[in-house]
Number of protein chains: 2
Amino acid sequence: MKIDPASTADLSAQIASAIRDAIVSGALIVGDRLPSEAELAEQFAVSRPTVREALKRLAAQSLIRTQRGAFGGAFVNRLSYTDAHAQQITTSTLLLGMNDISFDTACEARFAMERACAQLAALRRSPDHLATMRAEITRQGQPGLTDEAFCASDVAFHRALVDAAGNPVLSYQLAGAVEAMQPLMNMITFSARSRDAIIALHGRIADGAAAQDAGQIITALEELENYTRKLAQSVFDARATRANPT
Amino acid sequence: MKIDPASTADLSAQIASAIRDAIVSGALIVGDRLPSEAELAEQFAVSRPTVREALKRLAAQSLIRTQRGAFGGAFVNRLSYTDAHAQQITTSTLLLGMNDISFDTACEARFAMERACAQLAALRRSPDHLATMRAEITRQGQPGLTDEAFCASDVAFHRALVDAAGNPVLSYQLAGAVEAMQPLMNMITFSARSRDAIIALHGRIADGAAAQDAGQIITALEELENYTRKLAQSVFDARATRANPT
DNA sequence: AGACTTTTAAATGTCTGACAAATGAAAATC
DNA sequence: GATTTTCATTTGTCAGACATTTAAAAGTCT
């Protein structure tokens, strides 16, 4: 592991990059202990604070974990689904929030990916997944539910559908996409009638999963996508009219 | 922005978390300048090195960028697709590399997502995308190509298919999944015959895109998935036999 | 007055040295 | 032999200093 003395970049960034490369390439494997901060400082010929900044960068990506005390140090971390998932949600949420991505684009991406697991979900859904879906549908029908709680339940419902596909890699990828949509969905005010429509579509999805009928799930998802986009459109139109009345 | 004095977690982690929350929640928006390190140190009642460690954590996630000099400082960064993409590839690659995920699981997830954009790709593919796909197919047929170069071209081909869907959110999500598979794919040695089979399938995908026939793309992708899994299986079987000959 | 140069203040980047706190191993004690 | 104490190691945090970069502000010349 070496750094380029000619580079103008921050030393801590260079050091972090060197160690990251060693981990990604497999030169350092899960559980390996990195040299102590003092040793790293000597190896890279920098001071300990600089090394520490580099290590904090890696810790922010869950690449390492640190432990105090004798025989402590920095260890290469096993990236868990939970960690990866959390990072993906942060990244996706910010990406959607900062880049003026249209509701339609985000919606299209989300439902395209969700349809991708319909086939597998129909094949592998367990009674557990079905029960979760039914429970969320019931919750969504309860009176007095706030829009936010309705959205949260919506996310949980779709999360169950994704998990039903029984592929952890798919779950990790899609859960990020679905959850990142939530702030956008939260902008919509759901009338009682639109809630009923969504709940009916959720019911058809759950029925399709129960019957192991992928076609039914996909059809319902397509209708849900169209309905969601129409709903969002009307919200945006109403806002535009309020802001700019003729 | 406050931190909990009772928490046992690292101060730098707490400070990073507080600032991150402010960014994700929208209290700090793109382009906003954070207080200087000295001011932050005073606000949080910690030393400057501790503040710096917190800022480096945020920089590692591309949440902020720093600028030296007068009127410099730390600014909330617009998370670009490029940054998000790079992070996703690192995360996905490590997740796949560290967690003993079977080739089949990863392969299934990848092709499920890729099929999800077939419909959109058939609808929106531009001459540019078609040209890229054709060019990669040509490259793949060249003699003397190393296995690694073949894999890289394979990734480029599928990347073009994903981009053809014309949805940046989808591209960001899927590019990570496809590229993260590359180290796994690199374990396979491609015989001339298997290369020919893959190239033929790529040709059918490109033809389907050219004809705007989503069904053809999906069928070819399914065959490609099956073929890839069969190929990987034979590689693993051969290894098992070598390691444990009867 | 306007264009160019110099100065300067503010900010990050880096270093040194120090102490606190945690932690597990080893030594001492019962 | 079991328990307690000591101790070395390592990370976490702090204080203060200097180097470097940067753009605004002041100064200078035409």
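Through which surface do the copies, chain B and chain A, meet? Keep that in mind as you click through this predicted model.

**Stop 1: the two chains.** Color chain A and chain B separately and superpose them. Chain B lands on chain A with an RMSD of 0.1 Å, after a turn of 180° and a shift of 0.1 Å along the axis. That's the relation of a two-fold axis. Now for the opening question: 100% of the interface residues of chain B are also interface residues in chain A, so the copies meet through the same surface.

**Stop 2: the protein–protein contact.** Select the interface residues next. You should get 50 residues from chain B and 50 residues from chain A. Between them the two chains bury about 4300 Å², with 64% of that on carbon and sulfur atoms. On the chain B side, show Leu79(B), Leu95(B) and Met98(B) as spheres: these lose the most area to chain A, together 14% of what that side buries.

Then switch to sticks for the polar part. The rule finds four salt bridges across this interface. For one to zoom in on, pick Arg124(A) and Glu108(B), whose closest N and O atoms sit 2.6 Å apart in a salt bridge. There are also 16 residue pairs in polar contact across the interface of chain B and chain A, both residues being at pLDDT 80 or more.

Go to cartoon view to see where the chain B side comes from. Helix 1 (11–25), helix 3, helix 4 (81–98), helix 5 (103–116), helix 6 (118–124) and helix 9 (168–180) of chain B each give two or more residues. Helix 4 of chain B gives the most, twelve residues. Color that side by class and you'll find 26 nonpolar, 14 polar and ten charged residues.

**Stop 3: DNA strand D.** Now select what lies around the strand: 24 residues surround DNA strand D, and the closest are Arg48(A), Leu11(B), Thr50(B), Gly69(B) and Ala70(B). By class, this surface splits into six nonpolar, nine polar and nine charged residues. Helix 3 (48–60) and strand 1 (64–67) of chain A, plus helix 3 (48–60) of chain B, each supply at least two residues. The largest share, three residues, is from helix 3 of chain A.

Which part of the strand faces the protein, sugar or phosphate, or bases? Of the DNA strand D atoms within 4 Å of the protein, 69% belong to sugar or phosphate and the rest to bases.

**Stop 4: three distances to draw.**
- Thr50(B): a polar side-chain atom is 2.7 Å from a phosphate oxygen of DNA strand D.
- Glu37(A): a backbone N or O atom lies 3.2 Å from a phosphate oxygen of DNA strand D.
- Ala70(B): a polar backbone atom is 2.8 Å from a base oxygen of DNA strand D.

Conventions: Residues numbered from 1 in each chain as written. Chains lettered and ligands numbered in written order. Predicted model: local features only at pLDDT ≥ 70, side-chain atom pairs only at ≥ 80, totals over all residues. Heavy atoms only, no water. Least-squares fit on C-alpha atoms with pLDDT ≥ 70 in both. Contact = heavy atoms within 4.5 Å. Near = heavy atom within 4 Å. Polar contact = N/O pair within 3.5 Å; in protein donor to acceptor, adjacent residues only side chain to side chain. Helix = DSSP H or I, 4+ residues; strand = E, 2+ residues; numbered from the N terminus. Nonpolar A, V, L, I, M, F, W, Y, C, P; charged D, E, K, R; others polar. Buried area = accessible area lost by both parts, 1.4 Å probe. Salt bridge = Lys/Arg side-chain N within 4 Å of Asp/Glu carboxyl O.
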